Amino acid sequence: MTHYGQHSDAEAWWDELSDEQLEDPFVVNGNYGGTPVGTAEPDDVGTPPYGAPVVQRATARQTPGTLVSARGIELHGPWGHVFGPLDLDLDAGGVTVLAAQAGAARTALLMALCGRMRLTRGSLTVLGEDRPQKVIARSAIACMNELDEVRPSVTVRDLVTEQKRWDSPWYKFVPRVREDGIAEMCEEIFGDVPLPPLEAFVDDLPELQQLLLRIAVANTRRPPLLVVGRIDRIADDVERATLLGRLVALGENQAVIIGDVNPVDPVSGVRAVVDMHDLLGPGDIGVLTKRK
């Protein structure tokens, strides 16, 4: 069961986050919360009719979520309030969609849920861990331009080779991959989707192949949690359904959290949808720079 809430009706607005928040995403004691806050009763929030899976109304829980348990989490950037305070409980297993308009608030929340973004205050536990370093070790994040954007001049061979070298011991020589190396890293993620050509530029691939390739590269360790941002980047409904189907397949062995603005098809296989349209504002998508 998924529950969420907001303690205040302060308007969320965002233009930019600082480089400092990305470079030093942890508080002094290694905990998420800069200022502990008490648990408060969340407001009830209506949800639109997504069909299946069921979207729950926000209610207080006696037991925290087994994947994510957040109480009073907030983020403030150099330009002001980004999101929160929020309560959020997600149970482990399958795919959970955080449905909100694309923007910096949603991006920042997804990054915080896998230890990559420093929170201003509140308490956050992910997979039983409240130290970001521990959460980072047990999670992967993909399709987030702030973290894994690929340069236009990079080929599929270059991208996969680089990741294999990162995954190997420093003393081991890793040659440039061939077709079998691409298949080894990507087959499970791509499923029935054709694998990308070895020498193709990543930027020239169809959107579906680009996103699946970025997921494959980010998810080589198969950690317990995979966070995927911006699947709504795909405009074609058939390709979007295909991508969602691949993520549902991954959700059989990992917990997967997705950021999406669109309704979820009733036959998609998604376990839960959290409607956060009223809780997260838009903001300047993907711009995380210091205030001038």
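Buried means under 20% relative accessible area. That cut-off applies to every view of this predicted model.

**View 1. The chain as a whole combines helices and strands.** The predicted model has 8 helices and 9 strands. Of the 292 residues, 52% count as buried. The accessible surface comes to about 13400 Å². Carbon and sulfur atoms hold 50% of that surface. Among contacts with a separation of 6 or more, 76% link residues 24 or more positions apart.

**View 2. Strand β9 has buried residues pointing both ways.** The strand covers residues 272-275. A272 and V274 point one way. V273 and D275 point the other way. All of these residues are buried. In a regular strand the side chains alternate between the two faces of the sheet.

**View 3. Strands β4 and β9 run parallel.** They are joined by 4 bridges. T96 stands opposite A272 in β9.

**View 4. The largest nonpolar core holds 43 residues.** L213, I215, L243 and L247 touch the most other members. Several elements each supply at least two residues of this core, among them β4 (95-99), β6 (139-142), β7 (225-228) and β8 (255-260). Helices on that list include α5 (156-167), α6 (179-190), α7 (207-218) and α8 (237-250). Helix α7 gives the most, with 7 residues. A second, separate core has 36 residues. L90, L119, A255 and M276 are included in that second core. In soluble globular proteins, nonpolar side chains tend to be buried together.

**View 5. L247 makes contacts beyond its sequence neighbours.** Neighbours within four places in sequence are left aside here. L247 is in contact with V95, I215 and V228. Its other partners are I231, V256 and I258. L247 is also one of the residues that touch the most other members of the largest nonpolar core.

**View 6. Helix α2 is mostly covered.** The helix spans residues 104-113, and 10 of its 10 residues are buried. Its buried residues include R106 and T107. A104, A105, A108 and A112 are also among them, as are L109, L110, M111 and L113. Just after α2, G115 takes a positive phi of about 80 degrees.

**View 7. Two cysteines are buried, C114 and C143.** C114 has 0% relative accessibility, so this residue counts as buried. C143 has a relative accessible area of 6% and is therefore buried. A search of the whole structure finds 0 disulfides.

Notes
Residues are numbered from 1 along each chain as its sequence is written. This is a predicted model: local features need pLDDT of at least 70, side-chain atom pairs count only at pLDDT 80 or more; totals for chains, interfaces and linings use all residues. Side-chain values use heavy atoms; hydrogens and water are left out. A nonpolar core is a set of buried Ala, Val, Leu, Ile, Met, Phe, Trp, Tyr and Cys residues joined through side-chain atoms within 4.5 Å. Buried means under 20% relative accessible area, exposed over 50%, partly exposed in between (1.4 Å probe, protein chains only). Contact means heavy atoms within 4.5 Å. Accessible areas come from the Shrake-Rupley method with a 1.4 Å probe; for residues, only the protein chains shown count as cover. Two strands pair if DSSP finds at least two bridges between them. A disulfide is a pair of cysteine sulfur atoms within 2.5 Å.
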